[in-house]
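Here is a set of short exercises to work through with the model open beside you. Try each task before reading its solution.

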Amino acid sequence: MSAALESLLDLLDLEQIERDIFRGTSRSAVVPRVFGGQVAAQALVAAGRTVPAERTAHSLHSYFLRMGDPGAPIVYSVDRIRDGRSFTTRRVVAVQHGQPIFHLSASFQTYEEGLEHQADMPPAPDPETLPTAEQMLPRYADVFTDPGVMDRLLEARAAVDLRYVGAPPFANVGTPQEPRSQVWFRTNGKLADDPLLHVCMATYVSDMTLLDSVLLAHGRGGWAVGDVVGASLDHAMWFHRQFRADEWLLYDQESPSASGGRGLGQARIYTQDGRLAITVIQEGVVRVPRD
């Protein structure tokens, strides 16, 4: 296991300070605020720790309310909304400096047999044939306005092996393309056999590239390039089938719409053998900076 993955696992191992109240810390991000995937994953950890182990997360719906301060702890308060015969519902509010910064509702279910069908996995190359972040990012060092951005990107992704199938948005600035993007990802090391941990790790990664397809449609390079400013607004996930976040997962993403200073990304995450594991939808602020 890489040192970066150990650090991320420590980040997700929240401190319980009272019944249904947990505290977490933050790690460095590419931009000077708490990474949205981190706060979403930590909130799901908090919710999951109040749920019987035999009930696994099947959906979450969340809103990013305020920019998080990476230098301050985050307190997660869990509200036990419902404990039914099959389903459990939890609401989590993340608070910093006395104000809510994030709100999550999550539902958990006891496993049961049912009807089965799924969308087919789209074609994608073998992830082992694609360049790693360490191999790919230095090629584009000259497009980042801040010379430290590349190092921060590498640090932020050190816990996860994330490989672009096509060129990332910052590779073809000024050239609009089809609003679709694919990446393969897995953690840089094996994880424990805890379904909640794998779901939380996928939640963490899901916020890294989902709005790339919005940027591609308009030939924008992204926040690291400086030709857009933005932030996640809301994030929803549905967990259809069990998976492991330490095995290759294909993140197939597209953007059906951008308007009003907002862009919508939707995606499906497949296991390498073709099972549809997760559906993700996110809307974010995507604004062109004013002169």
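A polar contact is a pair of N or O atoms within 3.5 Å; within protein, one atom must be able to donate a hydrogen and the other to accept it, and residues adjacent in sequence count only if both atoms are side-chain atoms. Helices (H or I, at least four residues) and strands (E, at least two) are DSSP runs, numbered from the N terminus. The model is a predicted one: local features need pLDDT of at least 70, side-chain atom pairs count only at pLDDT 80 or more, and totals for chains, interfaces and linings use all residues. Residues are numbered from 1 along each chain as its sequence is written, and side-chain values use heavy atoms, with hydrogens and water left out.

**Exercise 1. Examine helix H5: its start, its span and its cover.**

Step 1. Begin at the start of H5, where a side-chain oxygen of Asp 194 comes within 3.1 Å of the backbone nitrogen of Leu 196.

Step 2. Next, check the span. The expected value is 1.5 Å times one less than the number of residues. For the twelve residues of H5 that gives 16 Å, and the end C-alpha atoms are 17 Å apart, which agrees.

Step 3. Now look at burial (buried means under 20% relative accessible area, exposed over 50%, partly exposed in between, with a 1.4 Å probe and protein chains only). Ten of the twelve residues of H5 are buried, including His 198, Met 201 and Tyr 204.

**Exercise 2. Describe the aromatic pair of Phe 35 and Tyr 204, then that of Phe 185 and Tyr 251.**

Step 1. Set the rule: rings of Phe, Tyr and Trp (its six-membered ring) pair if their centres lie within 6.5 Å; planes under 30 degrees apart count as stacked, over 60 as edge-to-face and the rest as tilted. This rule yields four aromatic pairs.

Step 2. For Phe 35 and Tyr 204, the ring centres are 5.1 Å apart and the planes stand at 80°, so the pair is edge-to-face. Phe 35 is in the loop between strand E2 (21–24) and H2, while Tyr 204 is in helix H5 (residues 195–206), 169 residues apart. Both Phe 35 and Tyr 204 are buried.

Step 3. Phe 185 and Tyr 251 are also an edge-to-face pair, with 6.2 Å from centre to centre and 70° between the planes. Phe 185 belongs to strand E8 (residues 180–187) and Tyr 251 to strand E10 (residues 249–259), so this pair ties together parts 66 residues apart in sequence. Both Phe 185 and Tyr 251 are buried.

**Exercise 3. Follow the strand pairing of E4, then find the surroundings of Arg 90.**

Step 1. Two strands pair if DSSP finds at least two bridges between them. E2 and strand E4 (residues 74–83) run antiparallel, joined by four bridges, and Phe 22 stands opposite Tyr 76 in E4.

Step 2. E4 also pairs with E5, in the antiparallel sense, over eight bridges. The two form a hairpin with three residues between them, and Asp 83 has Thr 88 in E5 as its bridge partner.

Step 3. Arg 90 sits in strand E5 (residues 87–96). Is Arg 90 buried or exposed? Its relative accessible area is 1%, so Arg 90 counts as buried.

Step 4. The side chain of Arg 90 makes a polar contact of 3.0 Å with the side chain of Asp 83. A polar atom of the Arg 90 side chain also lies 3.4 Å from the backbone oxygen of Arg 82.

**Exercise 4. Map the largest nonpolar core and the contacts of Val 39.**

Step 1. A nonpolar core is a set of buried Ala, Val, Leu, Ile, Met, Phe, Trp, Tyr and Cys residues joined through side-chain atoms within 4.5 Å. The largest one has 69 residues, and those with the most contacts inside it are Val 39, Tyr 76, Phe 102 and Ile 278. Helix H2 (residues 36–48) gives the most to this core, with eight residues.

Step 2. Contact means heavy atoms within 4.5 Å. Not counting residues up to four places away in sequence, Val 39 touches several residues, among them Phe 64, Tyr 76 and Phe 102.

**Exercise 5. Compare Asp 20 and His 97 by phi and accessibility.**

Step 1. Most residues other than glycine have a negative phi. Asp 20 has a positive phi, near 70°, and His 97 has a positive phi near 50°.

Step 2. Asp 20 lies in the loop between strand E1 (15–18) and E2, and at 9% relative accessibility it counts as buried. His 97 lies in the loop between E5 and strand E6 (99–110), and at 61% relative accessibility it counts as exposed.
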